[in-house]
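Work through the exercises below with the model open. Try each task before reading its solution.

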Amino acid sequence: YSPVKSITVAHTAARREEIAAGRIGDADRLDRALTIRSTIEDALWAGNTAALEYLSDHATARAGRHGGAGSTGRWVKAPGLVTATFFQHTNRNVDPQLHFHNPTLNRVRCEDGVWRALDGKDLARHQHAAGAIAARVTMERLAAAGFAVEVRDNGARELQVVDEAVCALYSSRRREIEAGVAPLVQALEEARGRELTDLELHYVRQEVALATRRGKSAAVPETPAEMMERLDAKLVGVGQSLERVYTQMGLHLADGPRQGEDWSPEAVVSEALAACG
């Protein structure tokens, strides 16, 4: 689970303030920054946990004999997923990007108490739903903590307090992918004589992302302070700094909890069906 970039930027700004306050021994500033950072992390953990709970509710294992004549195969609910979660702070380009890895054991205790192999292919069908749940739970938690949320032109829900230009500067991986996607899309559309569908575009982006992904670096990692200096330098061109982002965030949060959006499963289903139509 990887949240939208504005959440990562807000977290990074709070972490930078934490380091700066600790360096000069300002306990009040340190506590405030730590509170904001912890609030963001708590919301992310809540989203990730909600996604795993959803997947656990929908997990199945195969029992009996599947396929062929005389098949007695059936699917058994398998809510006992065994998962280890790793919370990460950067991507392979060493841009800030909070995300969770959730490796899951391929053995699961089923409702009847028997341990079986997890049906991973069936579980994978629910990955986008799980991702949507994680994102929405995170945003609702952040709204309750005082962060206003807005829907931007690309349809993503982002934190209003973080400028889009700042997010773009910390998204070098996305720029690399889009640069690789453009010529492929042009060639495919010329060959087919039509625009690609959203699903086709998804697969093109996925292919480019895998083909251009860097290997994991074996270089000596930066200290947190060195990382903040490097990230601050990136913002000079847009007249911003992590300190300024943090100051704006403090003023923003002073307004208190925001109103969460009304939740209607029926409205979501209706909107989805209209979009598919």
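**Exercise 1. Which residues does Asn48 touch, not counting residues up to four places away in sequence? Classify its exposure and find a polar partner for its side chain.**

Solution.
- Step 1. This is a predicted model. Place the residue: Asn48 is in helix H2.
- Step 2. List its contacts beyond four places in sequence. Asn48 touches Tyr1, Thr85, Phe100, Asn102 and Ala134.
- Step 3. Check exposure. Asn48 has 2% relative accessibility, so it counts as buried. The cut-off for buried is under 20%.
- Step 4. Look for polar partners. The side chains of Asn48 and Asn102 are joined by a polar contact of 2.9 Å.

**Exercise 2. Which elements have the highest and the lowest mean pLDDT?**

Solution.
- Step 1. Begin with the whole chain. Its average pLDDT is 87, and 94% of the residues score at least 70.
- Step 2. Go element by element. The chain has 10 helices and eight strands.
- Step 3. Pick the extremes. Helix H2 (residues 27-58) has the highest mean, 95. Helix H6 (residues 172-192) has the lowest, 81.

**Exercise 3. Decide which residues of helix H8 are buried, and why they line one face.**

Solution.
- Step 1. Find the buried residues of H8 (residues 224-234). They are Met227, Met228, Leu231 and Asp232.
- Step 2. Look down the axis. The buried residues of H8 fall within an arc of 135°, so they line one face of the helix.
- Step 3. Recall helix geometry. An α-helix has 3.6 residues a turn, so residues three or four places apart point the same way.
- Step 4. Turn to the other side of H8. Glu229 and Ala233 are exposed there.
- Step 5. Identify the cover. The elements over the buried residues of H8 include helix H1 (5-24), strand S3 (86-90), strand S4 (96-101) and helix H9 (242-253).

**Exercise 4. How many residues does the largest nonpolar core have, and which elements each supply at least two of them?**

Solution.
- Step 1. Take the size and the hubs. The largest nonpolar core has 48 residues. Ile40, Leu44, Leu142, Phe147 and Met249 have the most contacts inside it.
- Step 2. Assign elements. At least two residues of this core come from each of H1, H2, strand S1 (60-63), S4, helix H4 (127-144), helix H5 (164-169), H8 and H9.
- Step 3. Find the main supplier. H2 gives the largest share of this core, eight residues.
- Step 4. Inspect one hub, leaving aside neighbours within four places in sequence. Phe147 is in contact with Ile40, Leu142, Leu159, Val161, Met249, His252, Leu253 and Arg258.
- Step 5. Search for another core. A second, separate one has seven residues, among them Val181, Val185, Leu196 and Val204.

**Exercise 5. Are Cys110 and Cys167 buried or exposed, and how many disulfides are found?**

Solution.
- Step 1. Take Cys110. Its relative accessibility is 4%, so Cys110 counts as buried.
- Step 2. Take Cys167. Its relative accessible area is 6%, and Cys167 is buried.
- Step 3. Search the whole structure for disulfides. The result is zero.

**Exercise 6. Where is Val268, and what distance separates its C-alpha atom from that of Leu196?**

Solution.
- Step 1. Locate Val268. It is in helix H10 (residues 265-276).
- Step 2. Classify Val268. At 40% relative accessibility, it counts as partly exposed.
- Step 3. Compare the positions. Val268 and Leu196 are 72 residues apart along the chain, and their C-alpha atoms are separated by 25 Å.

Notes:
Residues are numbered from 1 along each chain as its sequence is written. This is a predicted model: local features need pLDDT of at least 70, side-chain atom pairs count only at pLDDT 80 or more; totals for chains, interfaces and linings use all residues. Side-chain values use heavy atoms; hydrogens and water are left out. pLDDT is the predictor's confidence in each residue, from 0 to 100. Helices (H or I, at least four residues) and strands (E, at least two) are DSSP runs, numbered from the N terminus. Buried means under 20% relative accessible area, exposed over 50%, partly exposed in between (1.4 Å probe, protein chains only). The arc is that of the directions from the helix axis to the C-beta atoms. Contact means heavy atoms within 4.5 Å. A polar contact is a pair of N or O atoms within 3.5 Å; within protein, one must be able to donate a hydrogen and the other to accept it, and residues adjacent in sequence count only if both atoms are side-chain atoms. A nonpolar core is a set of buried Ala, Val, Leu, Ile, Met, Phe, Trp, Tyr and Cys residues joined through side-chain atoms within 4.5 Å. A disulfide is a pair of cysteine sulfur atoms within 2.5 Å.
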